[in-house]
Amino acid sequence: MEPWRPVEVCSVGMVTPVGLTARSTAAAIRAGIARTRLSPVLNKRFKPLITCFLEEEHLPPIDERLSEWASRSSIHHQRLLRLATGALQEAAQGQSSPLPLLLALPEPRAGGIAAPDTAFLEVLALQSGISLDVRHSQVFPQGRAGGLLLLREALRLLVGQRMPFVLVGGVDTYLDLELLTALDAEDRLLAEGLSDGFAPGEGAAFLCLRLADTGRREGPRSLARICALGLGREEGHRSSTKPYRGEGLAAAFQEVFQSWDGQGRKVQGVQAGFNGENFWAKEWGVASLRHARHFAEPLRIEHPIECMGDPGAALGPMLVALASLGLAKGYREGAWLAWCSSDREERGAVIIEAIAV
C-alpha cells in the first residue's frame, strides 16, 4: 500500500437541504439553521417521520437529451442525477480538461434499491455539462464512508497516472417510500416522540483535488490540505451476526494518526459522522478513548447531520468540504479530523489542515 501523500482541496461543491452551494450550506450549518421537519409520511406507529429533503423547485430538470434514459430509470436514480448536477458544476468550475470522477453511491439497503452503475457517470457528464474522463472514473456503492475510501484511489490517479486534478464526490437520497418503509420496520427512523433514530435526508458533495507541493502555483489558492487518511472495517456492522465492538473506526483512527506528521500538534476539532442513532456512539467512544492523546482539550465536535438530515453517501466529501471551507475562511483553526461510518463494514477518517501562507 502506497504511503499517504498530502493532497490539496482546490474547490468544493455541495447541494443540501440547507444550501444549494457549498458556501451557503456551510453558512447555514455554522448558524445552526436546521431544515428537518415533520413529514406527511407516517411510521408504523402512525407518528410523522422527521425528514429533510429538498423541494422540487430547487432541483434542475433532467436534460431533454436524457429523456430515453429517464424513461427507463427509477425515480430514485433520476433524483440522484438532479442532486449531483449543481454540486459537480460548482466543484469543477474553471476546469476545461476532462477530469476523472470517483463517485460514492448508496450501499445495498433495505428495500432492495440498487445504486446506479458506471453508465451513470456518462449521464451525469451530459446533464451537468462537465467533461469527465470516464475511462479513469468509477462508482463506489459503499455508503457514508465511501467518499473517504475513494481518497486512496484518488491518490493513485494523482501519483501513478499523473493526473493534475481528480474529482471525488458522493450523492445519495432517502426519498423513496419503499426504503423508508423498510428502515421504519427496523426502527431506525426518527419520528415524533422518538429520540433514537435518524432523519432521512439527501444531498451531494464534490471535492476537486490535486497533489500538494511546496512550489508556487498560478491561479486560486487551495482551500485546505488532506494530510492523512485512515481506513478500517467493522466486523460487527449492522448486517453482521458478529458482536459490535467499535474496532473498525478505532483502526481507521490508528492509521490516520500513524500517517499524520503532526509534529506534536493535536486535533482541535472533529467533523463527526453522528446521525442521531445511538449505534454510532459506541465506536466513537472506543476510537476517541484509545487515541485521546491526539485530541486537544477542550475538543470542538460538530455533527452537521443535525441540521440537514443524513445525506448517506454524500457525507464523507461533505464533512471534508465543510472543514476545508472553515479553515480557508479562518473560523476553524488547527487540525481537524473528519470521520464517518457506513451501515456495513467500511469506516474512514481524514485529517485536514489549513495551507500555510
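1. In this predicted model, the charged end of arginine 109 sits over the ring of tyrosine 174, at 4.1 Å from the ring centre. A second contact of this kind involves arginine 332, whose charged end lies over the ring of tryptophan 336, 5.2 Å from its centre.

2. Turning to contacts between rings, a search of the whole structure yields 12 aromatic pairs. One of them joins phenylalanine 253 to phenylalanine 257 in an edge-to-face arrangement, with 6.3 Å from centre to centre and 90° between the planes. These two phenylalanines are about one helical turn apart, because they are separated by 4 residues within helix H7 (residues 247-259).

3. Phenylalanine 257 also pairs with phenylalanine 295, again edge-to-face. Here the centres are 5.7 Å apart, and the angle between the planes is 90°. This pair connects distant parts of the chain: phenylalanine 257 belongs to helix H7, whereas phenylalanine 295 belongs to strand S10 (residues 295-302), 38 residues away.

4. Are the residues of these two pairs buried or exposed? Phenylalanine 253 and phenylalanine 257 are both buried. For phenylalanine 257 the relative accessible area is 8%, and the residue therefore counts as buried, the cut-off being under 20%. Phenylalanine 295 has a relative accessible area of 6%, so this residue is likewise buried.

5. Which residues do ring pairs link into a cluster? The members are Phe253, Phe257, Trp260, Phe274, Trp284, Phe295 and Trp339. The cluster thus includes Phe257 and Phe295, the residues that bring helix H7 and strand S10 together in an aromatic pair.

Key. Residues are numbered from 1 along each chain as its sequence is written. This is a predicted model: local features need pLDDT of at least 70, side-chain atom pairs count only at pLDDT 80 or more; totals for chains, interfaces and linings use all residues. Side-chain values use heavy atoms; hydrogens and water are left out. Rings of Phe, Tyr and Trp (its six-membered ring) pair if their centres lie within 6.5 Å; planes under 30 degrees apart count as stacked, over 60 as edge-to-face and the rest as tilted. Buried means under 20% relative accessible area, exposed over 50%, partly exposed in between (1.4 Å probe, protein chains only). A charge sits over a ring if NZ of Lys or CZ of Arg is within 6 Å of the ring centre and within 35 degrees of the ring normal.
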